Every structure is written in structure tokens, then in C-alpha cells.
Amino acid sequence: QELYRKEAGTEEAYSWVEGRGDIEVTVPVARGLSARDVSVVFGRRSVRLKAGGVAVRGDLAGEVDTEACSWALDDAPGVGRHVYVLLVKARPEDGRWGRVLASKEGGEPPAGPDRPDRPAGDQ
């Protein structure tokens with residue numbers, strides 16, 4: 001049996017690692033940010049994250065199990081303060097996504113502290 005090799009990438013506002021059944025996303029944020037300042041909404045084929053001045057949103061490259069997806073605010077050596085997002089694939093048998101977002105809402109970059117973001121529900 002062939003081993004499943006993880007794929008990884010870095011985008012403008014986040015980095016990611018894809019496994020067989022999930023994608024782990026790391027979004028660097030400001031040092032003083034608290035969990036009250038973070039909003040993450042999972043849709044079956046979309047994600048919206050707002051953490052202080054950082055926003056990541058758009059259509060996902062595949063479908064997720066919204067009940068199994070989660071997020072946490074963390075500090076880690078070498079990474080610093082970040083929002084860790086776990087996207088659990090709805091159908092892992094469909095294979096690799098090769099990226100997190102298929103498209104970005106409105107054709108804009110997914111992040112930027114200089115751009116206001118629409119409110120997305122809190123977790």
C-alpha cells in the first residue's frame with residue numbers, strides 16, 4: 001500500500017498542510033489577540049475567518065464536514081500567536097484538494113488588515 005504523502009503550501013495570509021482526511025490551516029495573528037476577537041464560520045464549501053485585522057474567506061476547494069471542523073487560538077514556538085483551523089473533508093476518498101481555497105470572495109485577496117471585513121458569526 002502506498003503511503004499518503006502530505007502536501008503543504010503557503011498563501012498570503014496562511015499556511016496549510018493537507019492530510020488524507022483533513023487540512024490544517026495556520027493563520028498568524030497579532031500577539032495580544034484573544035479568542036473573543038476571532039470569528040470562524042464553516043460552510044459546507046466555504047470558510048470565513050476574521051481575527052483582528054486578518055481575514056481569510058472564500059470557497060473551499062472541496063466539501064467539509066462542518067460539524068467536525070474546529071479552530072483554536074494558540075501560541076507555538078517558531079510560529080507565534082496564530083489561529084489553527086482544522087478542515088475535515090466530507091469525502092476523503094475524493095483525494096487531494098491541492099489547495100485550501102478554490103476562489104476568493106469578490107476576487108480580492110483573502111486577507112489584509114487595511115480592508116474591512118463583513119461580520120461572520122462567532123464560535
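**Reasoning about a predicted nine-strand chain**

Modeller: In this predicted model, E18 lies in strand β2, which covers residues 15-18.

Colleague: Why is E18 called buried?

Modeller: The relative accessibility of E18 is 0%, and the term applies to values under 20%. E18 therefore counts as buried.

Colleague: What makes the pairing of E18 and K89 a polar contact?

Modeller: The side chains of the two residues are joined at 2.6 Å. The cut-off for a pair of N or O atoms is 3.5 Å, so the contact between E18 and K89 qualifies. The side chain of E18 also reaches the backbone nitrogen of W97, at 2.6 Å.

Colleague: Where is K89 placed, and why is K89 called buried?

Modeller: K89 is in the loop between β8 and β9, the latter covering residues 101-104. Its relative accessible area is 4%; burial requires a value under 20%, so K89 is buried.

Colleague: Which backbone oxygens does the side chain of K89 reach?

Modeller: One is the backbone oxygen of R20, at 3.5 Å. Another is the backbone oxygen of G95, which lies 3.4 Å from a polar atom of the K89 side chain. The limit is stated as within 3.5 Å.

Colleague: What makes D65 partly exposed?

Modeller: D65 has a relative accessible area of 32%. Buried residues fall under 20% and exposed residues over 50%, with partly exposed in between; D65 is therefore partly exposed. Its place is in the loop between β6 and β7, where β7 covers residues 70-76.

Colleague: Which residues does D65 contact beyond its neighbours in sequence?

Modeller: With residues within four places set aside, D65 is in contact with R44, V88, K89 and A90. The term contact rests on heavy atoms within 4.5 Å. As for G43, the C-alpha atoms of D65 and G43 are 8.6 Å apart, although 22 residues separate them along the chain.

Colleague: Is G43 buried or exposed, and how do you know?

Modeller: G43, in strand β4, has a relative accessible area of 17%. That value meets the requirement of being under 20%, so G43 is buried. Not counting residues up to four places away in sequence, G43 touches L60, V64 and T66. For L60, the C-alpha distance to G43 is 8.9 Å at a sequence separation of 17 residues.

Colleague: Why is G58 called buried, and why is R36 called exposed?

Modeller: G58 has a relative accessible area of 3%, and buried means under 20%, so G58 is buried. R36 has 75%, and exposed means over 50%, so R36 is exposed. G58 is found in strand β6 (residues 54-60), whereas R36 is found in the loop between β3 and β4 (38-43).

Colleague: How far in space are G58 and R36 from R48 and G52, respectively?

Modeller: The C-alpha atoms of G58 and R48 are separated by 6.7 Å, with their positions ten residues apart along the chain. R36 and G52 are 9.7 Å apart, C-alpha to C-alpha, and 16 residues apart in sequence.

Colleague: How many cavities are found, and what volume does the largest cavity have?

Modeller: A search of the whole structure, counting cavities of 30 Å³ or more, finds one. Its volume is about 70 Å³.

Colleague: What makes the lining of the largest cavity nonpolar, polar or charged?

Modeller: The lining residues are V25, V27, V47, L49, V56, V85, L87 and V100. Val and Leu count as nonpolar, and the division is accordingly eight nonpolar, no polar and no charged. Strands β3 (22-28), β5 (46-51) and β8 (80-88) each supply at least two of these lining residues.

Colleague: Which elements make up the chain as a whole?

Modeller: From the N terminus on, the order is β-β-β-β-β-β-β-β-β, with zero helices and nine strands.

Colleague: What share of the chain counts as buried, and what share of contacts joins residues at least 24 apart?

Modeller: Of the 123 residues, 37% count as buried. Among contacts between residues at least 6 apart in sequence, 59% join residues at least 24 apart. The chain exposes about 7100 Å², and carbon and sulfur atoms supply 47% of that area.

Methods: Residues numbered from 1 in each chain as written. Predicted model: local features only at pLDDT ≥ 70, side-chain atom pairs only at ≥ 80, totals over all residues. Heavy atoms only, no water. Helix = DSSP H or I, 4+ residues; strand = E, 2+ residues; numbered from the N terminus. Buried < 20%, exposed > 50% of the residue type's maximum accessible area, 1.4 Å probe, protein only. Areas by Shrake-Rupley, 256 points an atom, 1.4 Å probe, with all protein chains shown as cover. Polar contact = N/O pair within 3.5 Å; in protein donor to acceptor, adjacent residues only side chain to side chain. 1 Å grid on protein atoms, 1.4 Å probe; cavity = no way out; pocket = protein on both sides within 12 Å on 5 of 7 lines; lining within 4 Å. Points joined across faces, edges and corners; volume = space filled by probe spheres on them.
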